[in-house]
Amino acid sequence: MPQRKRGLWQPVRMPARASSTREIQDILWRAAGKLRGSVDAGQYREFILGLVFLKYVSDARVLGVRWATLAAGGGAIGQRLDAAMDAVMRDNPALAGVLPKVFGKVDPKRLGEIVELIGDARFTEDGDRPAQDVLGEAYEYFLERFARAEGKRAGEFYTPAGVVRLLVEMLEPGEGDVYDPCCGSGGMFVQAAKFRGRDVAVHGQESNERTWRLAKMNLAIHGMDPGGLGETWADTFARDLHPGLRADFILANPPFNQSDWQRDPADPRWVYGVPPLSNANFAWLQHIAAKLRGSAGVVLSNGSMSSRQSGEGAIRAALVRDDLVACMVALPGNLFRTTAIPACLWFLARDKGDRSGQILFIDARAMGTMVDRTERVLTEADIARIADTYHAWRKDEYENVPGFCFAATTADVAAQDFVLTPGRYVGAAESRADDEPVAERIERLTKELYARFEESGRLEAVVREQLGRLDG
C-alpha cells in the first residue's frame, strides 16, 4: 500500500514497465485531439488531465482504482469515471471538489476511444526515474501545450518555464514557507520544490475556479500538499485566504496592468500609498510586501518601473526609500505568448545584508533565443548568467558590466526620479559587430513597436477615464 504524508497518497515504486515520457506525451495529445467537438474548449485541460491523474492512480495501484475496469465496454463508462473521481476525492480530503466529474456528459463512444488511447500510457518507473516524475513531466508538458494552443486566454494559468526557472534560480528557495498570491496552475510551487530537492510548505490562492483545480491536481501529482491552496478559489484582494502568513519566499506572476480590481482604499496593506483602480500593479507589490518575511520575485509589466500616473510614482519611491527593492531585471520581448506587453522582474528583500541602500539593475533585453517566429525562450546559459550576477552582487563578488548590469545607490535612483528601468543605469554595451540578421531584427523591432502601441493605447484609456471624472 502507498505511504501517506500529510493526508496525501504517496505511490509505491513499481517494476520498470513504462511508456517513455515522449510516448506518453504523444498519446495524451492525441487523446486531447479526439475531444474536439465533444467538450467545451474551456474544459479540455480539466478533462484530459483528470483522466491522466486517474490513470496514474490505477498504475500506482492505489485506492483500488483499476483502469481495466473503468475502460470496460458499455454505455456507462462516463458514470464509472465520475464515480472513480469521487472515490479518489473521498480518500484525499485536500482534493475534495477538485477532480473533474464531467465524463457522464460525453458521448460514450468518443469517451471510450479516449480512454482506450490513454490506456496505452503506463505511469510506472522509467529506468531510475520514479513514476511520479514521469507523471509530473507529462502534466507540465500538457499545461505548456494548452498554453500554446490557447494563446492569450492561457495567461491566467501559465508562466513560461524559463521565466519560472529564472525566478527560482535567483531566489534559491530553501526550506520554509513559499507563497504565491495568484498561483495559476501551480508551476512556481513545483519548480521551488524541485530546486535542490527542498522540502517547502506551499501557500497560495487563485481566483479562477478551473485554474485552481488544475493547481490542486498539479501539486498532488508532484507529491505536494494541495491543502495549501485553500478550500476554494478566491480573489486575493477581496478575500485573503492566508491573513496571518509571513512567507520566506514569494514568487508571483500577477495579471499585467489589471484594472477594475477589488479595491478598498482603507485596506491596511497599502502601507506605501493607495494603488489606483485603473492598475493593480502596485496593489500586488504591496500585498506581497505585506506577506514578506524573506525575499520575493515578481513578474510585472514594464510600465511598473516608470509609471507616474495616479500616485504610482510615489508608491515606487516609497518602496525604494524603505530599502525593499533588491534587483530589477528587464526581460527580452516575446517570452510570453499570451501578451505582447514587455515584462520585467522585481526582486524584493527584507534583508539585503551588505547591499543595504543599493539596487542591482540587469538589462537582459538582448538575451534569449527565438524558437519560432513568435516565441523567445531563455536558455540555460541566459538563466545562469542573470542568476549568477545577482548572487555575486549579494556576496560582494560583483563588477558592473556596461550594457548589462549596474549596482546603483538609493541616491542614484533618486536622481532618476525613482524610475527603475535598467536601461537608465547600465549604460551602453561595449561596441561590437551586430551579427543579428536583418530580417530577424526587423521582426523583433516590429513586435516591440506593436507592444508599445498596446501600452500606449492602455495609457490613453486611463487618461481619458481620469479626464472624464474631472469633467463629471
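Mentor: A residue counts as exposed when its relative accessible area is over 50%, and as buried when that area is under 20%. Keep in mind that this model is predicted.

Trainee: Okay, so what makes aspartate 396 count as exposed?

Mentor: Its relative accessibility is 54%, and the cut-off is over 50%, so aspartate 396 is exposed. You'll find it in the loop between helix H12 and strand S12. Aspartate 396 also has a positive phi of about 65°, although it is not a glycine.

Trainee: Why would anyone remark on a positive phi?

Mentor: Because most residues other than glycine have a negative phi. Aspartate 260 has a positive one too, about 55°. That residue is in the loop between strand S5 and helix H10, and at 62% relative accessible area it is exposed.

Trainee: How do you know that H9 is largely enclosed by the rest of the structure?

Mentor: Count the buried residues: 11 of its 13 are buried, so the label follows. Among them are Trp212, Arg213 and Met217.

Trainee: And what makes the length of H9 agree with what its 13 residues should span?

Mentor: At 1.5 Å a residue, H9 should span 18 Å, and its end C-alpha atoms are 19 Å apart, which agrees.

Trainee: Why are H2 and H5 called oblique to each other?

Mentor: They pack at about 50°, with axes 11 Å apart. Roughly parallel needs under 35 degrees and roughly perpendicular starts at 65, so the pair is oblique. The crossing is right-handed.

Trainee: Which residues meet there?

Mentor: Phe47, Ile48, Leu51 and Lys55 in H2 meet Leu111, Ile114 and Ile118 in H5. That contact has 6 nonpolar residues, no polar ones and 1 charged.

Methods. Residues are numbered from 1 along each chain as its sequence is written. This is a predicted model: local features need pLDDT of at least 70, side-chain atom pairs count only at pLDDT 80 or more; totals for chains, interfaces and linings use all residues. Side-chain values use heavy atoms; hydrogens and water are left out. Axes are lines fitted to C-alpha atoms, for helices over the stretch in contact, and angles run from 0 to 180 degrees between N-to-C directions. Helices (H or I, at least four residues) and strands (E, at least two) are DSSP runs, numbered from the N terminus. Angles under 35 degrees count as roughly parallel, over 145 as roughly antiparallel, 65 to 115 as roughly perpendicular and the rest as oblique. A crossing is left-handed if the near helix is turned anticlockwise from the far one by less than a right angle, and right-handed if clockwise. Contact means heavy atoms within 4.5 Å. Ala, Val, Leu, Ile, Met, Phe, Trp, Tyr, Cys and Pro count as nonpolar, Asp, Glu, Lys and Arg as charged, and the others, Gly among them, as polar. The expected span of a helix is 1.5 Å times one less than its number of residues. Buried means under 20% relative accessible area, exposed over 50%, partly exposed in between (1.4 Å probe, protein chains only).
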